[in-house]
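Dear colleague,

Please find below the structure that I am handing over to you, together with its sequence. A summary of what was found in it follows.

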Amino acid sequence: MNFKKTNLDGVIIIEPTIFQDNRGFFMETFNKKYFRQNDINENFVQVNHSFSKKNVLRGLHFQDEPESQGKLVKCISGNILDVAVDLRKDSPNYLKWLSVKLSDKNNLQIYIPNGFAHGFFVLSENAHVVYLCNEFYNIKYDNGIRWNDPLIDIDWGQNIKPILSDKDANLPFIEE
């Protein structure tokens, strides 16, 4: 596994080692020893799997303290633009964002620590996304910010017309 730190402190792109032959392939997507060696000391407690169609945008979601969630995200089928936004008010990267394309072709994963909002936009006809969480989902602390918040100004691509849930379409802006 190759762990690449990003310009957002704590966000790490993970490229697995893939063993491929005429039968197919094998890869480890999580190995606690390697993750710990690369400063990811998580006890993942929940695994989520979402299926989405082309142009669906999910997010930007997070959980408030004291039940904030860190996530390890992988696209197991299709192609997505995955986005992390730093919401840690004491961070020098507060409100800065990072995007990475995750797909079943590149097999990349992204680790997003606690204190970040997360969302993704589906680029392929459909996509299956699996993510591990270090805290259980708790509706009491469920929160989010609008995908097109002008203070964050995420580049989702040219002239996208996302398909949103009612919840995501009505999330507040940062200033609210």
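I begin with the pockets. The lining of the largest pocket is made up of ten nonpolar, twelve polar and six charged residues. Please bear in mind throughout that this is a predicted model. The volume of the largest pocket is about 440 Å³. In total, 28 residues line this pocket, and those nearest its centre are R58, G59, H61, Y131 and K167. Two or more lining residues come from each of the following elements: strand 5, strand 6 (57-63), strand 11, strand 12 (126-133), strand 13 and helix 2.

The second largest pocket encloses about 340 Å³. Its lining consists of 19 residues, with F62, D64, L87, K89 and N143 closest to the centre. Strand 6, strand 11 and strand 13 are the elements that contribute two or more residues to this lining. By character, the lining of the second largest pocket divides into nine nonpolar, six polar and four charged residues.

Next, the sheet. Strands 6, 11 and 13, named above for the pockets, also belong to an open sheet of five strands, whose order is 9-8-11-6-13 and whose pairing is antiparallel. Strand 9 (97-103) and strand 13 (142-144) are the edge strands; each has a single partner, so one side of each remains without a neighbour in the sheet. On average, neighbouring strands of this sheet are turned by 30° against each other, direction ignored. Within the sheet, strand 8 (residues 79-86) and strand 11 (residues 116-122) run antiparallel and are joined by seven bridges. One residue pair in this register is V83 with its bridge partner G119 in strand 11.

I turn now to the charged contacts. As a general matter, side chains of opposite charge can pair when their charged atoms come close. How many salt bridges does the structure hold? There are five, and three of particular interest for this summary are described below.

- K5 and D39: the side chains meet in a salt bridge, at 3.2 Å from N to O. Because K5 belongs to strand 1 (residues 2-5) and D39 to the loop between helix 1 (32-37) and strand 5 (46-53), the pair ties together parts that are 34 residues apart in sequence. Both K5 and D39 are exposed.

- K167 and D142: in this salt bridge the closest N and O atoms are 2.7 Å apart. K167 is located in helix 2 (residues 166-169) and D142 in strand 13, so this contact ties together parts that are 25 residues apart in sequence. K167 has a relative accessibility of 42% and therefore counts as partly exposed. D142 is likewise partly exposed, its relative accessible area being 24%. K167 is also one of the residues that lie nearest the centre of the largest pocket, and strand 13, which holds D142, stands at an edge of the sheet.

- D104 and K105: the closest N and O atoms of this salt bridge are 3.8 Å apart. Is each partner buried or exposed? D104 has a relative accessibility of 30%, so it counts as partly exposed. K105 reaches 71% and therefore counts as exposed.

In closing, strand 13 appears in several of these findings: it is an edge strand of the sheet, it gives two or more residues to the lining of the largest pocket, and it does so for the second largest pocket as well.

Yours sincerely

Key
Residues are numbered from 1 along each chain as its sequence is written. This is a predicted model: local features need pLDDT of at least 70, side-chain atom pairs count only at pLDDT 80 or more; totals for chains, interfaces and linings use all residues. Side-chain values use heavy atoms; hydrogens and water are left out. Two strands pair if DSSP finds at least two bridges between them. Helices (H or I, at least four residues) and strands (E, at least two) are DSSP runs, numbered from the N terminus. Axes are lines fitted to C-alpha atoms, for helices over the stretch in contact, and angles run from 0 to 180 degrees between N-to-C directions. A salt bridge is a side-chain nitrogen of Lys or Arg within 4 Å of a carboxyl oxygen of Asp or Glu. Buried means under 20% relative accessible area, exposed over 50%, partly exposed in between (1.4 Å probe, protein chains only). On a 1 Å grid over the protein atoms alone, a cavity is a set of points where a 1.4 Å probe fits but cannot get out, and a pocket is an open set with protein on both sides within 12 Å along at least five of seven lines; lining residues have an atom within 4 Å of a point. Grid points are joined across faces, edges and corners, and a volume is the space filled by probe spheres set on the points. Ala, Val, Leu, Ile, Met, Phe, Trp, Tyr, Cys and Pro count as nonpolar, Asp, Glu, Lys and Arg as charged, and the others, Gly among them, as polar.
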